[in-house]
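My notebook is open and I'm going to look up side-chain contacts, one kind at a time. Here is what I'm looking at.

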Amino acid sequence: MYTESQQRHLIQRTRQLLQRMAVPEGRQEAARLAADLREIIHFHDWRYYVLSDPAISDFEYDQLFKLLKQTEQQHPDLVTPDSPTQRVAYGLTKEFPQVSHLVPMLSLDNSYDEADLIEFDRRVKELTGVQQVEYCVEPKFDGASIAVIYENDLLKRAATRGDGAVGEEITNNIKVLRSLPLSAKFSSYGIYTAELRGEVIISKEHFNQINQKRLEEGLPVFINPRNTASGALRMQDAREVAGRGLEAFMYHLAYATDKEGKSVLIHKIKTHSNALELLYKLGFKSPYPVKKICANIQEVARYCEEWQTKRDDFPYEIDGMVVKVNAFRLQEKAGATSHHPRWAMAYKFKARQAVTRVNNIFFSVGRTGAITPVAQVEPVFLAGVTISNVSLFNEEILREKDIRIGDHVLIERAGDVIPYIVHALPEKRTGSEKIVHFPKHCPSCGSPVVKLPDETVVRCVNASCPAQVTGRIIHFVSASAMDIRGLGPSLVLKFYDAGLLKSIPDIYRLDYEKILQMPGFREKSVNNLKRAIEESKNRPLNRLIYGLGIRYVGEATAKTLMQAVEHLLEFKDWTVEQFEQLEDIGPKVAASLADFFHNPDNIRMLHELERLGVNLKSEKSTAHLSGKLAGKTFLFTGTLEHFSRSEAESLVEANGGKVAGSVNAKLNYLVVGAEPGSKLEKAKKLGTVHIISEQQFLDLLK
């Protein structure tokens, strides 16, 4: 997109702009500044989101974005459709109207081995009348397909694939993807209207981060990146889409005409590889850096096999390679069926799937009462691990997939991480299979189960349910909560079965004499356990709050709650509205907190813990009034060089600052370490957060 000299020039202009950092009074000067800032920010977006090679710090980028925002606020008539400030569309998209694609989005025919490729090559030569065909080969991204139209260099419309001829318009949601330019200089190639094909995807790393966060919040995990990306594209609030970490790879220039409406593909651009290079130079993420031009089909087969061995090292999910006739002239000669183009084929990798048998289906009860069906399968080795249990997630999936005990099933590892059942194989049924019905009563305690209108999860609401009790105790003693070392899950279950541990307060009245009489225990191990339990009584209040296992309350929210009161029991008098006033606490979390602290059983438990010596008082100090970071809120992302994440957060609190749980409008500083996560992108889009390095954070403390 930019030559080396252009990049040097733009970086020099960036430095000059960073020195002025003020909106000029005159409109003419403000217009020049706004134009400069738009060009500069577009350039740095390209360096960061396409090349993954930023030229300035996040803090400097943030300063430039804020200056553009201020300039446009003072001179609203200077706002342009391609301004970086226009990426996030505010308000909800209640409907996604249907729109027709300029060129149908056809499916690809599949091949699975070299023999299929050779047959494909034979047909292409027969259709085109040439004996030597050049192919372009590129990774086949496993995401959600989109069609994007640019007109007069501006992004005009984006749509889902739909049925191939008609899709749903998702322009507002696509505009928040910073990897997709709001404007691109197609005109420099003589193109007035262009329709691009692409795939919206989530990187493997970000997908795992999303699922880890959902696990911490007690939410069901997403099955695979493809479905997660596809679902995100149809969210009603574009700001929520922005938080999903979506990226757009544009892999095909399907339509390109000049101002007179004449196609420029065959006579000017000429080849698919040229089109990929064009897209890459215009600032799009495209397969151009990893594509290969192959002189014959044997070379194609070797390149496909090479990628099959290195697919694990690629940061995105790919399920094969796409082989395309390179010359547009020959593509036109080959033509297409109503289903697929005759000039392209997908070479599918060997699936990370296996067939096994369901030996049993049991129902697991979590600490929040969520009941999850789990298929116990004949152990099978798949993608590096042996799988014996596969979650069926909820009642709807169990019913829709009609999984039965005794069924042969096809299983897959989503993202090579989470095993799930793709479908049953009914053709293998013998008649001996057993249909499994979701229980009407909790499998742990026998209480009736309930399903709330806004949830897919069926729950046991009996707080005394053994599975929930042991689950809550295991969470309470975990390292991130009260950190009672030596009291692990297996010991909790053993003590529960022995009648020694029936509730959280029971931890602090264990009968150590009885434990000494149990097999495997000696005086030293019992004394160590006793000491660890005694030490836990003096943990900071936020550890206790997190350990209580209140739904949606993570470690950061627990710290926010600790700072809000002198004593934990003050919350029993709080309303939902009061909880919502706190940092990072929205309606869902506030309602959960009110439910917990308005429950008489929970209040009795807290009184009991205090009588047993557990600390319920806040450790609020005067630091929040006079510390160096007083009144400021911080959040950390990436790997820090000088501290662990918890050490850095403790340092913030010791100096009067607060630690946020997420990026939001109340956040003052995002401190960025190596390999930052999605918080960085969200902070940039928000435009109000100071993005600083670890060294700049240290400077604030001096």
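**Setting up.** I take helices (H or I, at least four residues) and strands (E, at least two) as DSSP runs, numbered from the N terminus. This is a predicted model, in which local features need pLDDT of at least 70 and side-chain atom pairs count only at pLDDT 80 or more, while totals for chains, interfaces and linings use all residues. Residues are numbered from 1 along each chain as its sequence is written, and side-chain values use heavy atoms, with hydrogens and water left out.

**Positive phi.** I looked up F393, which has a positive phi of about 70 degrees although it is not a glycine. F393 sits in the loop between β14 (385–391) and α13 (395–401). Buried or exposed? For this I use relative accessible area: under 20% is buried, over 50% is exposed, and partly exposed is in between (1.4 Å probe, protein chains only). F393 comes out at 16%, so I wrote down buried.

D402 is another non-glycine with a positive phi, about 50 degrees this time. I found D402 in the loop between α13 and β15 (404–405). Its relative accessibility is 29%, so D402 counts as partly exposed.

I also checked what follows α25: it's G687, with a positive phi near 80 degrees. Within helix α25 (residues 678–686), the buried residues are L680, E681, A683, K684 and K685.

**Aromatic pairs.** My rule: rings of Phe, Tyr and Trp (its six-membered ring) pair if their centres lie within 6.5 Å; planes under 30 degrees apart are stacked, over 60 edge-to-face, and the rest tilted. By this rule I get 23 aromatic pairs. Why is the pair Y150 and F284 edge-to-face? Their ring centres are 5.5 Å apart and the planes stand at 90 degrees, so that label fits. Y150 is in strand β4 (residues 144–151) and F284 in the loop between α10 (272–281) and β9 (292–294), so this pair ties together parts 134 residues apart in sequence. Both Y150 and F284 are buried.

Next I looked at F249 and Y316, an edge-to-face pair with 5.1 Å centre to centre and 70 degrees between the planes. F249 belongs to strand β8 (residues 247–257) and Y316 to the loop between α11 (297–310) and β10 (318–325), 67 residues apart. F249 and Y316 are both buried. I noted that they belong to one aromatic cluster with F141, W307 and F314.

**Charges over rings.** A charge sits over a ring if NZ of Lys or CZ of Arg is within 6 Å of the ring centre and within 35 degrees of the ring normal. K588 has its charged end over the ring of Y552, 4.7 Å from the centre. K292 lies over the face of Y303, 5.8 Å from the ring centre.

**Cysteines.** How many disulfides (pairs of cysteine sulfur atoms within 2.5 Å) are there? My search of the whole structure finds zero. For C294, the closest cysteine sulfur is in C304, 7.6 Å away, which is too far for a bond. C294 is buried at 0% relative accessibility, and C304 is also buried, at 0%.

**Salt bridges.** I count a side-chain nitrogen of Lys or Arg within 4 Å of a carboxyl oxygen of Asp or Glu. Searching the whole structure gives me 28 salt bridges.

Where do E119 and R122 lie? Both are in helix α4 (residues 114–128), three residues apart, about one turn of the helix. They form a salt bridge whose closest N and O atoms are 2.6 Å apart. E119 is partly exposed at 31%, and R122 is partly exposed at 41%.

D319 and K140 meet in a salt bridge too, at 3.4 Å, N to O. D319 lies in strand β10 and K140 in strand β3 (residues 135–141), so the pair ties together parts 179 residues apart in sequence. D319 is buried, with a relative accessible area of 18%.

My last pair is K310 and E306, whose closest N and O atoms are 3.2 Å apart in a salt bridge. Both lie in helix α11, four residues apart, about one turn of the helix. K310 is partly exposed at 28%, and E306 is partly exposed at 38%. Finally, I noted that salt bridges sharing partners join E119, R122, R123 and E126 into one network.

Methods:
A disulfide is a pair of cysteine sulfur atoms within 2.5 Å.
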